[in-house]
Amino acid sequence: MTGYDDRDGKIWMDGKLVDWRAANVHILSHALHYASSVFEGERCYDGKIFLSRKHSERLLNSGNLLDMPIPYSVDEIEAAKQAVVAANGLTNAYVRAVAWRGAGEDMGVSSARNPVRMAVAAWEWGDYYGDAKMKGAKLDVAKWKRPSPETIPTAAKAAGLYMICTMSKHVAEAKGCSDAMFLDYRGYVAEATGANIFFVRDGEVHTPLTDAILNGLTRQTVIGMLEDRQVKVHERHIEPSELESMEQCWLTGSAAEVTPVGQIGDWNFEVGALTKDIAQGYEKVVRS
């Protein structure tokens with residue numbers, strides 16, 4: 001398989017399209033040393049990026065939360081994404097917009113004098129969890145916990161917040177799992193490494209509050225779908241001990257879309273009717 005650094009195509013970088021292999025940054029870019037980077041992951045369906053504008057708005061908000069104002073407007077980011085999809089001849093793709101502190105006058109923790117740079121890339125990407133959409137993903141339980149919002153800006157989609165996600169997913173994959181589920185700093189169920197989580201019990205849906213995790217755009221879409229179906233949704237703190245009584249489970253995210261979960265640690269779940277209905281319904285929503 002060709003590496004992501006060695007492909008044909010175009011990437012939008014700092015206001016213009018450049019050859020894929022030429023989209024490089026300096027080794028002393030601040031983001032590489034201090035994680036001063038924010039990003040968005042988006043899906044393009046039949047030539048249309050789902051919730052594109054909301055993703056662009058969140059990117060700008062993430063930059064502001066990291067004291068890293070991104071020098072492009074929502075309209076300019078929207079145009080960049082469309083240009084990348086078109087330049088690479090894609091209709092169904094994953095789109096990655098990323099902004100970071102580049103190399104400049106500062107090379108310590110402070111980086112106020114360094115430019116904020118931005119890029120957009122797009123590529124074909126299949127199901128995030130492979131065949132898990134059919135049989136349900138298997139999740140490990142991470143040893144790390146999602147931190148308190150008093151220690152990190154949990155509303156930002158910031159690269160540094162994914163460090164424990166990478167570590168936890170590596171451990172999970174070594175165990176034969178697709179992903180890992182985090183608890184938060186208080187011990188409540190939080191999320192997977194790159195997706196929000198939902199449970200079903202007695203025909204009602206339970207999902208963690210987003211007081212310490214990112215309120216995903218796919219999460220919000222799915223809650224709206226459930227409300228349209230007149231399914232009761234409880235957004236609340238969920239104790240791990242409650243998982244034994246949960247009947248169904250699924251993950252949501254722009255990359256994960258809606259993916260059923262069959263097992264988390266020692267807890268098992270069925271890929272039930274509501275899970276299938278939401279997964280199939282989401283496929284229709286994103287192409288409507």
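Reader: Which residues of helix H7 are buried, and where do they fall when seen down the axis of the helix?

Author: In this predicted model, the buried residues of H7 are Leu274, Thr275, Ile278, Ala279, Gly281 and Tyr282. On the other side of the helix, Ala273, Gln280 and Lys284 are exposed. Seen down the axis of H7, the buried residues fall within an arc of 165°, so they line one face of the helix.

Reader: What covers the buried residues of H7?

Author: Helix H7 takes in residues 273-285, and from its first C-alpha to its last it reaches 18 Å, close to the 18 Å expected at 1.5 Å a residue. The cover over its buried residues includes helix H6 (217-228) together with the strands S3 (37-45), S10 (196-201), S11 (204-208), S13 (248-253) and S14 (257-264).

Reader: Is strand S14, which belongs to that cover, largely enclosed or largely open, and why?

Author: Strand S14 pairs with S13 in the antiparallel sense over four bridges, and with S7 in the parallel sense over three bridges. Two bridges also join S14 to strand S15 (residues 267-268), and these two strands run antiparallel. Because seven of the eight residues of S14 are buried, the strand is largely enclosed by the rest of the structure.

Reader: Which residue takes a positive phi in the hairpin of S14 and S15?

Author: One of the bridges between these strands can be followed through Gln263, whose bridge partner in S15 is Asn268. The hairpin has two residues between its strands, and the residue with a positive phi, near 60°, is Gly265.

Reader: Which residue of S14 is the bridge partner of Lys138, and is Lys138 buried, partly exposed or exposed?

Author: Lys138 lies in strand S7 (residues 137-146), and its bridge partner in S14 is Gln263. Gln263 is also among the residues that Lys138 touches beyond four places away in sequence, a list that includes Lys175, Cys177 and Asp179. Buried means under 20% relative accessible area and exposed means over 50%. Lys138 has a relative accessibility of 35%, so it counts as partly exposed.

Reader: What separation is found between the C-alpha atoms of Lys138 and Phe269?

Author: Phe269 is one of the members of a core of 20 residues, which also has Leu183, Val261 and Ile264 among its members. Along the chain, Lys138 and Phe269 are 131 residues apart, while the separation of their C-alpha atoms is 9.9 Å.

Reader: Where does Ser254 lie, and which backbone oxygen lies 3.3 Å from a polar atom of its side chain?

Author: Ser254 lies in the loop between S13 and S14, two strands that form a hairpin with three residues between them. Ser254 is buried, with a relative accessible area of 17%, and beyond four places away in sequence it touches Gly41, Glu42, Arg43, His55 and Thr218. The backbone oxygen that lies 3.3 Å from a polar atom of the Ser254 side chain is that of Gly41.

Reader: Which residues touch the most other members of the largest nonpolar core, and which element gives the most to this core?

Author: In soluble globular proteins, nonpolar side chains tend to be buried together. The largest nonpolar core here has 27 residues, of which Ile70, Met118 and Val120 touch the most other members. The elements that give two or more residues to this core are S3, helix H2 (52-65), helix H3 (74-87), strand S5 (93-101) and strand S6 (116-123). The element that gives the most to this core, with five residues, is H3.

Note on methods:
Residues are numbered from 1 along each chain as its sequence is written. This is a predicted model: local features need pLDDT of at least 70, side-chain atom pairs count only at pLDDT 80 or more; totals for chains, interfaces and linings use all residues. Side-chain values use heavy atoms; hydrogens and water are left out. The expected span of a helix is 1.5 Å times one less than its number of residues. Buried means under 20% relative accessible area, exposed over 50%, partly exposed in between (1.4 Å probe, protein chains only). The arc is that of the directions from the helix axis to the C-beta atoms. Contact means heavy atoms within 4.5 Å. A polar contact is a pair of N or O atoms within 3.5 Å; within protein, one must be able to donate a hydrogen and the other to accept it, and residues adjacent in sequence count only if both atoms are side-chain atoms. Two strands pair if DSSP finds at least two bridges between them. A nonpolar core is a set of buried Ala, Val, Leu, Ile, Met, Phe, Trp, Tyr and Cys residues joined through side-chain atoms within 4.5 Å.
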